[in-house]
Amino acid sequence: MNKLILGRYFPGDSLIHQVDPRAKLIAGIAFIFISFMAKNGQGLILLWLFTFLVMSVTKIGFRAFFRGVRPLIWLILFTLFLQILFTAGGTIYFTWGPFKISEFGLINALFIFSRFVTIIFVTTAVTLTTKPMELTDGLNFLMRPLRFLHVPVDELSVMLSIALRFIPNLLDETQRIMDAQKARGAVFGEGSLFHQMKALVPIFLPLFSGSLNRGEELANVMDVRGYRSELPRSSFRQLNWGVKETICMLIMVLLIAAFAILDLVS
Amino acid sequence: MQIKLNHVTADYQLGSVRSPRVLQDVSLQIAPGTFTAVVGSTGAGKSSLLKVLNGLLLPKSGWAEIGDIKINSKTSRKSLKAVRKIVGMVFQFPESQLFAETVEQDISFGPLNFGASREAAHDLAIKMIRRVGLDESILQQSPFSLSGGQKRRVAIAGVLAQGPEVLALDEPTAGLDPSGKRELLSLLKQWNKSKRLTVILVTHDMETAARYADDAVVMDRGKVVYHGSVRSLFADSEKLNRWQLDVPEARRFQLKFEAVSGIRLPNVCLTEEELAAALIEVGRV
């Protein structure tokens, strides 16, 4: 349960915490593209330097970031092995049937690993320093152009914020129900896969029924308090684009420029 | 079944939030067959105490002893299961643990987990649904179709079906109407008396503690500050104040009466009946 990184906000007052969520979102998305611009050794070093800079500016322990990588570790390892074992080229160090470990394979793997991990670290930095509600506000703003395509942007962001809002409640309830079933002699995480799946029924059914009830209650409460999905809504939290946000964007532009130059030079 | 806690300290973790020392150096001994109320203000560690008894929260230091099974930070899963069979646990709003298609299946869940045969579980379900004062016909209904009070009784029947020697309940009457509350508590008292079931009841309600419990455990910020008879607890108004505990109505009336009239009643009155008897006695003299 502790692995869930989404919606996990670390309170703090670092520089990154204070930046407007829209700027952070744009920067985060930009970084994903930037990481693909790193094509040589210097680029790789710059990528990691920037990542560690961002991580240390958040003032959050690195452990929280590593926890963000953990759920994806198998995917990362799988891709690495594919790269290492099936890429040919350069000096070949080892061959065994169709598998070969080559210079190019190792270099490719290093790049892919770096991209994966730095992307996870940087996006984790964004989610760890932004309150879930701010994140949805920011997303809502960035998705606004989609309204012209008749995408129900406001409804989507209300749904997202409700979902995020209830994650802690759900965790709490899961824990309670698990305890209750354990007290009735249920054992989790033992036996065959089928057995383990069957053991989850006594957790999920009450959880579902509880969530449905809560959903209905929430809908009633929203109705009573005058929520109308078809009307435009104002926002209690005002988003503020100031100097910090512009600087943040400039940094990203500079980063892109730096990578472009590195690419040209080599 | 003797219950013993020896210098138990425990932390509690939910998600990434860790509350250190929800229990601090708790030593406690609960005799078999007693009805004990655990009281204290919110966050005093009452629920955590129950969880330790059930092996859901393992002591960080110290140990708990349920009968001859010892629980400490290294206790194996197997002996935890043995503990859970002995100590039945009714959580707050236990109806949220119902999951099966029929009431019978839900009640059988515990016994089957603890190794009962299907026939035995079936017989137990019939026995227990009667014991909680519901009709047998309810067994084939879906637990989700029942009323709140019925659901709660079904949930309690499910715990009783495990055949516990100790029943630990966390606010079992929260959200019940007055008559439902009275019925449930009288049932508990009755099982306690006739079946020699040890009952440990966490409650906020001093009336409940005064009327039904023999002993009281008062918890304050993770520590047990009082363990003794209910009557001597409510006799000491100064301590009650310090621990922010309410005084039962009858006792409050008694105190007011004594202060205004200057007449001392012969004993500490916890219920209306006792109060009425005491007043009559004083009046006669």
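How many residues of chain B are in contact with chain A, and how many residues of chain A are in contact with chain B?

**View 1. The contact between chain A and chain B in the predicted model.** In this predicted model, 23 residues of chain B are in contact with 23 residues of chain A. On the side of chain B that touches chain A, at least two residues each are supplied by helix H2 (77-86), by H3 and by helix H5 (148-160) of chain B. Sorted by class, this side of chain B has eleven nonpolar, nine polar and three charged residues.

**View 2. Helices H3 and H4 of chain B.** The axes of helix H3 (residues 103-113) and helix H4 (residues 118-131) of chain B come within 9 Å and cross at roughly 120 degrees, and H3(B) and H4(B) are therefore oblique to each other. Their crossing is right-handed. H3(B) contributes Glu104(B), Ile107(B), Ser108(B), Pro111(B) and Leu112(B) to the contact, while the residues from H4(B) are Ala120(B), Ala121(B), His122(B), Leu124(B), Ala125(B), Met128(B) and Ile129(B). By class, the contact of H3(B) with H4(B) has nine nonpolar, two polar and one charged residues.

**View 3. Stretches of chain A annotated as "transmembrane region".** In an unreviewed UniProt entry, the annotation "transmembrane region" covers residues 22-38, 45-66, 72-94, 106-128 and 247-265 of chain A. Over residues 72-94 of chain A, the chain is 61% helix and 13% strand, and the end C-alpha atoms are 28 Å apart. Over residues 106-128 of chain A, the chain is 100% helix and 0% strand, with the end C-alpha atoms 32 Å apart.

Notes: Residues numbered from 1 in each chain as written. Chains lettered and ligands numbered in written order. Predicted model: local features only at pLDDT ≥ 70, side-chain atom pairs only at ≥ 80, totals over all residues. Axes fitted to C-alpha atoms, helices over the stretch in contact; angles between N-to-C directions. Helix = DSSP H or I, 4+ residues; strand = E, 2+ residues; numbered from the N terminus. Parallel < 35°, antiparallel > 145°, perpendicular 65-115°, else oblique. Left-handed = near helix turned anticlockwise from the far one by under 90°. Contact = placed C-beta atoms within 7 Å. Nonpolar A, V, L, I, M, F, W, Y, C, P; charged D, E, K, R; others polar. UniProt positions renumbered as here; feature names shortened; annotations may be inferred.
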